[in-house]
Amino acid sequence: MNDRGKSTQTQRCVPLIITEDVGLLDDLLRLSAAAGAKPEVHPGLPGPRATWEEAPLVLVGADAVHRLRGVPRRTGVVLVGRDRDDAGLWRHAVELGADHVLTLPDDEQWLVDRIADVAEGTGRPAFTLGVVGGSGGAGASTLAGALAVTAARSGLRTMLVDADPLGGGLDVLLGGESAPGLRWPDLAGSRGRVGGGALEESLPELHALRVLSWDRGDAAAVPPEAVRAVLAAVRRRGGVVVVDLPRRADEATQEALGQVDLGLLVVAPELRAVAAATRVATLTGRTLRDLRAAVRAPGPGAGGLGAEEVARLLGLPLAGEVPRDPGLRTAQDTGAPPGRDPKSPLARFCAALWDRLPAVAELRGAR
């Protein structure tokens, strides 16, 4: 990228503050610092009009509205005052064409979050895919790992999140149990807003993707508030997020489900497995709107149900039949992650699944 491109990218991540109110300016600078941003400050319309037009967020003090008469209308303008009951504040907002009217200190947290989005260069949130087993040993973790590895190989920013504290650790599945970086217990105290960039850099990087897993300690859960804060930060980084979900209905799981765009229920083609998966589908479907069945292919010579019949019994759309991968066990014994070989049956299934998702196609087209 040339110097001009770097300058434009930097400018777009800098909010603009327009005010001569010293007390208000102090508050806005304090909130900007809390959000990790260093704003540009002007008492009125900046000299170069491009600054007004290109700043991703403009915070206008109520004192400065009269100095902005005649400026071009744009989105991303926030009018900031002190008294929510001041009718003049709302008239000024209409005159300026502001998107939001905020009063301090009541709206401080909202403003910190918005400034932090700008500082991180936040764009489209990540497409988040959750994988849950219909019964024990269904292969949900293996499929989640393979989906993440396949997405990363295609060049998408990818995060793999292990939301199942009893699953043994996805870092182990990817051969990275000793890799440096934070695990869930380190983030158990997270509340409010977590910086997405700092979080991403603090996690283990394995096979071109970031992994949030569990350690080998005794912790078996984190508070739901931490799950909400961490997953929201992960999603703000964009790309794709794959979440390995547990088969239980506690508050932390509900928080994870609430941030999933598409869920895959992995089911073996057997009546007992389908019976167990029915309960999981019911619990998961209460929160997750788009849940589909990923039916494992039967073993050689085995009978059982067909994939379409399993999906019909579950009352779910069929995402596809997950193929048997003869080389999977050998690969895992040598520390290779599932889906590492792009020619393997499992990797081809994952690539085809990603290709069928319009949201992922849009992400690839936007790169």
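This is a walk through the structure, one selection at a time.

**Start with the whole chain**

Keep in mind that you are looking at a predicted model. Show the protein chain as a cartoon and you have 15 helices and 13 strands on screen. The C-alpha atoms fill a box of roughly 80 × 45 × 40 Å along the principal axes. Colour by accessibility next: 49% of the 367 residues count as buried. If you draw a contact map, take the contacts with a separation of 6 or more; residues 24 or more positions apart account for 73% of them.

**Select helix H2, residues 22-34**

H2 has 13 residues. From its first C-alpha to its last, the helix reaches 18 Å, close to the 18 Å expected at 1.5 Å a residue. Now show side chains for Leu-24, Leu-25, Asp-27, Leu-28, Leu-31 and Ser-32, which are buried. These residues are on the same side of H2, because they cover an arc of only 160° around the axis. The general rule behind this kind of pattern is that an α-helix has 3.6 residues a turn, so residues three or four places apart point the same way.

Turn the view to the other side of H2 and you find Val-22, Ala-33 and Ala-34, which are exposed. What covers the buried residues? Add strands S1 (16-18), S2 (40-42), S3 (58-61) and S4 (77-81), along with helix H5 (108-119); the cover includes these elements.

**Move on to helix H4, residues 87-96**

Pick Gly-88, Leu-89, Ala-93 and Leu-96, the buried residues here. Look down the axis of H4: the buried residues fall within an arc of 145°, so they line one face of the helix. The face turned away from that buried side carries Arg-91 and Val-94, both exposed.

**Then helix H14, residues 345-355**

The buried residues of H14 are Leu-346, Ala-347, Phe-349, Cys-350, Leu-353 and Trp-354. They sit on the same side of H14, because their arc around the axis is only 160°.

**Zoom in on Val-241**

Go to strand S10 (residues 240-245), where Val-241 has its place. Is Val-241 buried or exposed? Its relative accessibility is 2%, so Val-241 counts as buried. Draw a distance from the C-alpha of Val-241 to that of Leu-129: the two are 112 residues apart along the chain, yet separated by 6.2 Å. Leaving out residues up to four places away in sequence, Val-241 touches Ala-126, Phe-127, Thr-128, Leu-129, Met-159, Val-161 and Val-234.

**Next, Trp-184**

Trp-184 is in the loop between helix H7 (170-173) and helix H8 (196-202). Despite its place in a loop, Trp-184 is buried, with a relative accessible area of 2%. Which residues does Trp-184 contact, apart from neighbours within four places in sequence? Select Val-161, Asp-162, Leu-212, Ser-213, Trp-214, Val-222, Ala-226, Val-227 and Val-230. For one distance to draw, take Trp-184 to Val-227: 9.0 Å from C-alpha to C-alpha, with their positions 43 residues apart in sequence.

**Look for the enclosed space**

Rolling a probe the size of a water molecule over the atoms shows where empty space is left. Here you get three cavities of 30 Å³ or more. The largest holds about 100 Å³ of space. Of the 13 residues that line the largest cavity, Ala-163, Trp-214, Val-222, Val-227 and Ala-252 lie nearest its centre. You have just met some of these names: Trp-214, Val-222 and Val-227 are among the contacts of Trp-184.

Which helix gives the most to the lining of the largest cavity? Select H10 (residues 251-257), which supplies three residues. Coloured by class, the lining shows 10 nonpolar residues, one polar and two charged.

**Last stop: the largest pocket**

The largest pocket has about 510 Å³ of space. It is lined by 17 residues, and Thr-142, Arg-296, Arg-324, Asp-325 and Leu-328 are the closest to its centre. Highlight helix H6 (140-153) and helix H13 (328-333), as each supplies at least two residues of this lining. H13 gives the most, with four residues. By class, the lining of the largest pocket divides into nine nonpolar, three polar and five charged residues.

Conventions
Residues numbered from 1 in each chain as written. Predicted model: local features only at pLDDT ≥ 70, side-chain atom pairs only at ≥ 80, totals over all residues. Heavy atoms only, no water. 1 Å grid on protein atoms, 1.4 Å probe; cavity = no way out; pocket = protein on both sides within 12 Å on 5 of 7 lines; lining within 4 Å. Points joined across faces, edges and corners; volume = space filled by probe spheres on them. Nonpolar A, V, L, I, M, F, W, Y, C, P; charged D, E, K, R; others polar. Expected span 1.5 Å × (residues − 1). Buried < 20%, exposed > 50% of the residue type's maximum accessible area, 1.4 Å probe, protein only. Arc of directions from axis to C-beta. Contact = heavy atoms within 4.5 Å.
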